[in-house]
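Biologist: Let us go through the charged pairs and one strand. Keep the answers short, please.

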Amino acid sequence: MIRVVVVDDIPSTRENLKKLLSFEEDIEVVGTAGDGREGIDVSRQLQPHVVLMDVNMPGMDGISATEALAVELPQCPVVIMSVQGERDYLRRAMQSGAREFLIKPFTGDELVASIRRVYELEEKKGSYSPKAAAGAAVGEPVNPGGQVCVVLSGKGGCGKTFVAINLAAALRVETSTRVCLVDLDLQFGDVGVMMNLDHAKTITELVDGQGSMDWEFIDDVLADGPLGLRVLLGPFSPEYGDLVRADHVRAIVDILRREFDYVVVDTASQLSEATLEAIDAADRVIVVGALTIPAIKDTRLMLKMLESLKVNRDRISVVVNGHDAHAVYDAPSIERNLKFPVRVQLPSEPRLVGGSIHRGSPLVVTHPESDIAELLRGLANSLKPDAAASGEIKVEVKAASPRRFSLRR
Ligand SMILES: Nc1ncnc2c1ncn2[C@@H]1O[C@H](COP(=O)(O)OP(=O)(O)O)[C@@H](O)[C@H]1O
Ligand SMILES: [Mg+2]
C-alpha cells in the first residue's frame with residue numbers, strides 16, 4: 001500500500017482527491033491537512049510514502065512546507081499540485097526538493113501515475129542507498145556493509161589501475177574476505193586486459209535495461225579473477241561508456257557493498273559523473289600521483305576537489321607511484337607541496353610490474369616477496385575499517401637495496 005497525505009486548503013479538493021484515489025487498490029490516503037504547517041505535522045506523525053502538496057495556502061505555503069519536509073523527512077517525497085501560471089513557483093519548488101509537479105486540472109490517471117512513479121523511485125533509492133534511508137549528511141562515512149574504496153588520479157598513466165588491481169588482490173590475501181574490483185574507467189578501462197580476464201559480460205549488461213538491478217543479475221555479470229576476486233569489467237568499447245549514469249553507479253555500488261567486504265573501484269582520469277558518484281559513496285579514497293611536476297599539480301587539484309566535495313581528510317590516502325625513474329622529487333618534498341601526508345611511496349619496478357601485467361596476474365601474486373608487494377599489502381591493511389588513521393609502518397628494505405620506502409597509516 002502506498003500511503004499518501006493530501007495537503008490542500010480547500011476541503012472539497014481534499015475530498016475529491018481522496019475519492020479519486022480510493023479507486024486504486026494500492027493507494028491509500030492516510031491523512032489530510034489544510035496548510036503547510038499542518039501538512040508537516042501530519043507527515044511527521046503518519047510517515048506517508050508520498051505527500052501531495054498544494055502551493056497557495058494560507059499560513060505556511062506549499063513551497064516552504066516542501067523545503068522543510070525535504071530537510072526533516074527526506075524519505076517522504078513531495079508531489080506539488082499547482083494551477084497554471086505558478087510555474088515560477090514550481091521551479092523554486094523543484095529546487096526545494098519536490099519530486100514531481102502536477103498542473104491543475106490534472107486527470108486521475110496522471111495523479112496515480114505520478115504517485116506510483118515517485119513511490120517506486122523512493123523505494124529503489126531506499127534499498128540502494130543506505131545513506132538516503134539513514135538520512136545521513138553528504139560526506140559522512142556510510143557503511144552498513146563493506147568498505148568502498150575508490151582509486152583516483154588527476155593524470156592518466158600514474159598507475160591507478162595497477163594500484164587498484166593490486167589493492168584488491170592484497171585485500172584478498174590480507175583479510176581473506178570477499179573482495180570485488182569494479183572498472184569504472186568507462187571508456188578505456190584496462191582492468192580486463194591487465195588481469196587477462198576473458199569474460200563476455202560487462203557493466204554495459206547491467207545498464208541496458210534488460211534486467212532489474214539486483215544481486216543475482218550483478219552476480220551473473222561479474223567475472224572471476226585470481227584469488228577468488230570478483231571483477232565488474234568496464235564496457236568493451238568507449239561509446240558504451242555514456243550508457244552508465246550516476247544513478248546506475250550508485251545502485252551497483254550499494255548492492256556490491258552489501259555482498260562484499262571490500263569494493264575497490266578503479267576510475268578514469270577525467271572526472272565523470274560516474275566517478276563523482278563513486279566518490280560520494282566511498283568510505284576511502286586513494287589518490288595516486290607520480291613524481292613529476294604535472295602529476296604533483298594534478299594530485300594537488302584532486303585533493304582540492306575532494307576538499308570541496310567535503311570528503312574528510314582521514315578518508316583520503318595519497319599514494320605516490322614512483323615509476324618515473326628520473327624523478328628528482330621525494331615524498332617529503334611532495335608532502336610540503338601538497339600540504340598532505342603521503343601514505344605510501346611505491347618504488348619504480350618496471351621489470352616486476354611489466355612482468356605481472358604480461359602474465360595478467362597481480363604483482364602481489366607474482367612477486368609476493370618484493371618490497372612493492374609488501375607496501376601494497378600495507379596499504380591494503382591500512383584500509384581495514386578499524387585501522388588507525390595515523391602512524392607509520394616501515395617496510396624493511398633488503399640490504400642490497402639503496403632505496404627506503406615508508407608507509408604511513
Ligand atoms: N611502480 C611502477 N613501476 C613501474 N611501472 C609502473 C609502476 N606502476 C605502474 N607502472 C606502469 O605504468 C603504466 C600505467 O599504469 P596504469 O595503472 O595503467 O595507469 P593509469 O590507470 O593511472 O592510467 C602501466 O603500463 C604500468 O606498467
Ligand atoms: Mg587506468
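Biologist: Which residue forms a salt bridge with Arg37?
Modeller: This is a predicted model. A salt bridge needs the nitrogen within 4 Å of the carboxyl oxygen. Here the closest N and O atoms are 4.0 Å apart. The partner of Arg37 is Asp41.

Biologist: Where do Arg37 and Asp41 both lie?
Modeller: The two residues are four apart, about one turn of the helix. That helix covers residues 36–46. The name is α2.

Biologist: Is Arg37 buried or exposed, or partly exposed?
Modeller: Buried means under 20% relative accessible area, and exposed means over 50%. Arg37 has 38%, so neither word fits. Its partner Asp41, with 33%, falls in the class in between as well. Arg37 is partly exposed.

Biologist: Which residues are linked with Arg37 in a network of salt bridges?
Modeller: Asp41 belongs to the network. Two further members join Arg37 and Asp41 there. The residues linked with Arg37 are Asp41, Arg44 and Glu72.

Biologist: How many residues apart in sequence are the parts that Arg377 and Glu174 tie together?
Modeller: Arg377 forms a salt bridge with Glu174, with 3.9 Å between the closest N and O atoms. Arg377 sits in helix α17 (residues 371–381), while Glu174 sits in helix α7 (residues 160–175). The pair therefore ties together parts whose separation in sequence is 203 residues.

Biologist: Of Arg377 and Glu174, which one counts as buried?
Modeller: The cut-off for buried is under 20%. Glu174 has a relative accessible area of 30%, so this residue is partly exposed. Arg377 has 18% relative accessibility. The buried one is Arg377.

Biologist: What distance separates the closest N and O atoms of Arg116 and Asp26?
Modeller: The pair links distant parts of the chain, 90 residues apart. Arg116 is in helix α5 (residues 108–128), and Asp26 is in the loop between α1 and β2. Arg116 is partly exposed at 27%, and Asp26 is partly exposed at 25%. The distance is 2.7 Å.

Biologist: How many residues of strand β6 are buried?
Modeller: Gln147, Cys149 and Val151 point one way from β6, and these are buried. Val148, Val150 and Leu152 point the other way, and are buried too. The strand is therefore largely enclosed by the rest of the structure. The count is six of the six.

Biologist: Which residue of β11 stands opposite Leu152?
Modeller: β6 pairs with β10 in the parallel sense over five bridges, and Val150 stands opposite Val265 there. Four bridges join β6 to β11, also parallel. Opposite Leu152 stands Val287.

Note on methods. Residues are numbered from 1 along each chain as its sequence is written. Chains are lettered from A and ligands numbered from 1 in the order in which they are written. This is a predicted model: local features need pLDDT of at least 70, side-chain atom pairs count only at pLDDT 80 or more; totals for chains, interfaces and linings use all residues. Side-chain values use heavy atoms; hydrogens and water are left out. A salt bridge is a side-chain nitrogen of Lys or Arg within 4 Å of a carboxyl oxygen of Asp or Glu. Buried means under 20% relative accessible area, exposed over 50%, partly exposed in between (1.4 Å probe, protein chains only). Two strands pair if DSSP finds at least two bridges between them.
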